[in-house]
Amino acid sequence: MAGTLFSSAHYDCLFARDACTMISANIITFNEEANIADCIASVRQVCDDIVVVDSGSQDRTTAIAHELGAQVVQQAYLGDGIQKNIALAHVKYDWVLSLDADERLTPEMVEAIRQLDLSATEHDAFAFRRRNMIGSRWIRVCGWYPDYCIRLYNRHHARFADVKQHASIGASNPKRLNADIVHYSFANLGQLFAKPGRNFSGRAAKIMFQKGKRANAFSPFTHGLNAFIRKYIFQRGFMGGVDGMTVAISAGLNSYLKYAKLLEYQRDPKVLEAEDFKKVW
């Protein structure tokens, strides 16, 4: 799902070229034709170099990116952090802005970035607050806000961790900006459980098994219950009504399935033999 936070006029850089050329954009995609145009328009407000790293999209994602002036790099998906670092060999500038295809800069964030003096800053990265959305609803509980994440960084001093899932940028001296980006996470509550391509529990179970981690008969229940309690009680999901409850249930179910699948690899040779661990994704 996408939202429009800017006009079509923002497809062109709206400020002086000496500031604009200081930042490159890094976007990874797979079948994002519904999102990529708005994402490119969003980053175009602060970047004039845009690199899209695509992992074999079968829709019009790459065609749209080309039409909008982005450089498209094809790379079979390697996992979250590894994939996002591919762009570093193709960007023009030292400072890199990394957004997912379903994320957008707010006007406040655009202004905050424009005010930065990146040529003189002591910081090697900047963290943004992220508004995670379900439909048009901003979820502020369950740890979904402010959800700070580093998205603007100097590629010579910081980069994404080379991990396959839930990668973050390692920086020695980051600074938090007082502005938000918007993440159109899910079109509706149902997508929390059934969003196309969403199999985080299966991916995580594979990664854990490859690392030598093991589960016991109680692991699925204890981890699932712990995840639910953490989201619903300690991260105030109970204050979010049905949305808060559903997010907490989703977190608990995902954690339960992750350990149940890990346990299945341990106790069912047929399932283990049929699994392709060379293709975690």
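Helix α8 is the biggest giver to the nonpolar surface patch, with five residues. This is a predicted model, so to speak of local features we need pLDDT of at least 70, side-chain atom pairs count only at pLDDT 80 or more, and totals for chains, interfaces and linings use all residues. Numbering runs from 1 along each chain as its sequence is written, and side-chain values use heavy atoms, with hydrogens and water left out.

Back to the patch. F193, F221, L225, I229, I233, F234, F238, M239, I249, L253, Y256 and L257 make it up, and together they have about 1200 Å² of accessible area (Shrake-Rupley, 1.4 Å probe, with only the protein chains shown as cover for residues). Members of a patch have over 30% relative accessible area and no salt bridge; nonpolar side chains (Val, Leu, Ile, Met, Phe, Trp, Tyr) are joined within 5 Å, like charges within 9 Å. A salt bridge here is a Lys or Arg side-chain nitrogen within 4 Å of an Asp or Glu carboxyl oxygen.

Both α8 (219-234) and α9 (241-267) supply at least two patch residues each; helices are DSSP runs of H or I, at least four residues, numbered from the N terminus. Take I233, which sits in α8: I233 is partly exposed, at 45% relative accessible area (between 20% and 50%; under 20% is buried, over 50% exposed).

Now, how many disulfides are there? Zero, taking a disulfide as two cysteine sulfur atoms within 2.5 Å. C142 has its nearest cysteine sulfur, that of C149, 17 Å away, and C142 is buried at 0%. Why is C149 unbonded, too? Its closest cysteine sulfur, in C39, is 13 Å off, too far for a bond. C149 is buried as well, at 13%.

Note on methods. Buried < 20%, exposed > 50% of the residue type's maximum accessible area, 1.4 Å probe, protein only.
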